[in-house]
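Student: Could we go through this protein together? I keep meeting words like "buried" and "contact", and I'd like to see how each one is earned.

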Amino acid sequence: MSNHIEKYMTWWLEQERLRKSNKIPVKITLAGIKLSVIPQAFLPSPLQTHSTPLLIKKINYHNFVGKKVLDIGTGSGVLAIYSALKGASLIIATDIDDHILHHARHNAYLNQITDIHFINSNLFESVKGQYDYIFANGPISPEAWSKESLSGHTISSYGEMLFSQYRHYLADKGLMFMTFAEFGPVEAFYKTLQKYSVMHKEKREEKFGIWWSFHEISK
């Protein structure tokens with residue numbers, strides 16, 4: 001691991017340790033969305049990460065009006081809420097933790113959104129139908145995510161399941177959105193994209209001294 005990546009990860013993990021030891025939800029506003037983020041959920045604060053802020057920035061020009069949206073691993077619920085505020089007609093938001101789903105629903109209420117369907121699902125396990133947009137902004141750092149928090153999966157198996165199955169749930173002209181960063185398992189990530197012949201457009205930005213990439217994936 002290079003020095004700049006190690007420096008960022010050491011700092012980020014310390015921020016996460018402090019957040020989880022406090023056991024108090026962190027209140028932030030991202031893209032005009034009010035969030036109360038519990039310690040068990042990923043904190044999409046631009047003060048700590050560029051993954052969610054980058055994704056929201058890059059999808060801003062897409063039209064969500066009347067679209068069907070699937071948000072895998074919703075966490076705080078920010079991407080599902082974003083979709084609702086942009087006019088999506090159907091939004092399914094999943095997570096493997098009922099406690100996280102409860103608080104994501106609370107965040108939706110904070111933003112006066114009541115029509116998101118929150119369901120417990122391990123990736124696509126309980127999902128039905130096809131969607132115009134899929135958010136798959138899941139875990140990429142083995143240092144930050146335990147197998148228990150991934151319901152027994154490794155970081156690599158998360159990618160294997162995602163890229164081997166997503167086409168079944170994506171509409172013909174639909175798109176799947178996700179981010180990646182250089183502190184993740186870079187070689188394994190790109191090999192998995194190649195293995196499943198994933199069609200994707202990638203855009204990179206630097207933040208906190210490392211690169212973050214946004215991926216727009218099609219069938």
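Tutor: Sure, let's begin with the outside: the protein has an accessible surface of about 10600 Å², and 53% of that belongs to carbon and sulfur atoms. Such areas come from the Shrake-Rupley method with a 1.4 Å probe, and for residues only the protein chains shown count as cover.

Tutor: Some ground rules: this is a predicted model, where local features need pLDDT of at least 70, side-chain atom pairs count only at pLDDT 80 or more, and totals for chains, interfaces and linings use all residues. Residues are numbered from 1 along each chain as its sequence is written, and side-chain values use heavy atoms, with hydrogens and water left out.

Student: What makes the radius of gyration of the protein agree with that of a compact globule?

Tutor: The radius is taken over C-alpha atoms, and the globule rule is 2.2 Å times the number of residues to the power 0.38. For 219 residues a compact globule would come out near 17 Å, and the protein has 16 Å, so the two agree. The C-alpha trace spans about 45 × 40 × 35 Å along its principal axes.

Student: Why is Thr94 called buried?

Tutor: Buried means under 20% relative accessible area, exposed means over 50%, and partly exposed is in between (1.4 Å probe, protein chains only). Thr94 has 0%, so it counts as buried. You'll find Thr94 in strand E4, residues 90-95; strands (E, at least two residues) and helices (H or I, at least four) are DSSP runs, numbered from the N terminus.

Student: Which residues is Thr94 in contact with, leaving aside neighbours within four places in sequence?

Tutor: Contact means heavy atoms within 4.5 Å. On that basis the partners of Thr94 include Leu70, Ile72, Leu101, Ile119 and Val127.

Student: And why is Lys207 called partly exposed?

Tutor: Lys207 has 29% relative accessibility, which falls between the two cut-offs, so partly exposed is the right label. Lys207 sits in strand E8 and, leaving aside neighbours within four places in sequence, is in contact with Pro46, His50 and Trp212.

Student: What makes Gln112 exposed?

Tutor: Its relative accessibility is 73%, over the cut-off, so Gln112 counts as exposed. Gln112 lies in the loop between helix H4 (98-110) and strand E5 (116-120). Its phi is near 60°, a positive value in a residue other than glycine.

Student: How do you know that helix H2 is largely enclosed by the rest of the structure?

Tutor: Eight of the nine residues of H2 (residues 51-59) are buried, so the helix is largely enclosed. Among the buried ones are Pro53, Leu54, Leu55 and Ile56. They pack against several elements, including strand E1 (26-30) and helix H3 (78-85). Seven of the eight residues of H3 are buried, so H3 is largely enclosed too.

Student: What is a nonpolar core, and which residues touch the most other members in the largest one?

Tutor: A nonpolar core is a set of buried Ala, Val, Leu, Ile, Met, Phe, Trp, Tyr and Cys residues joined through side-chain atoms within 4.5 Å. The largest has 43 residues, and Ile59, Ile116, Phe135, Phe177 and Phe183 touch the most other members. H3 gives the most to this core, with six residues. Another core, of 23 residues, lies apart from it, with Leu123 and Tyr166 among its members.
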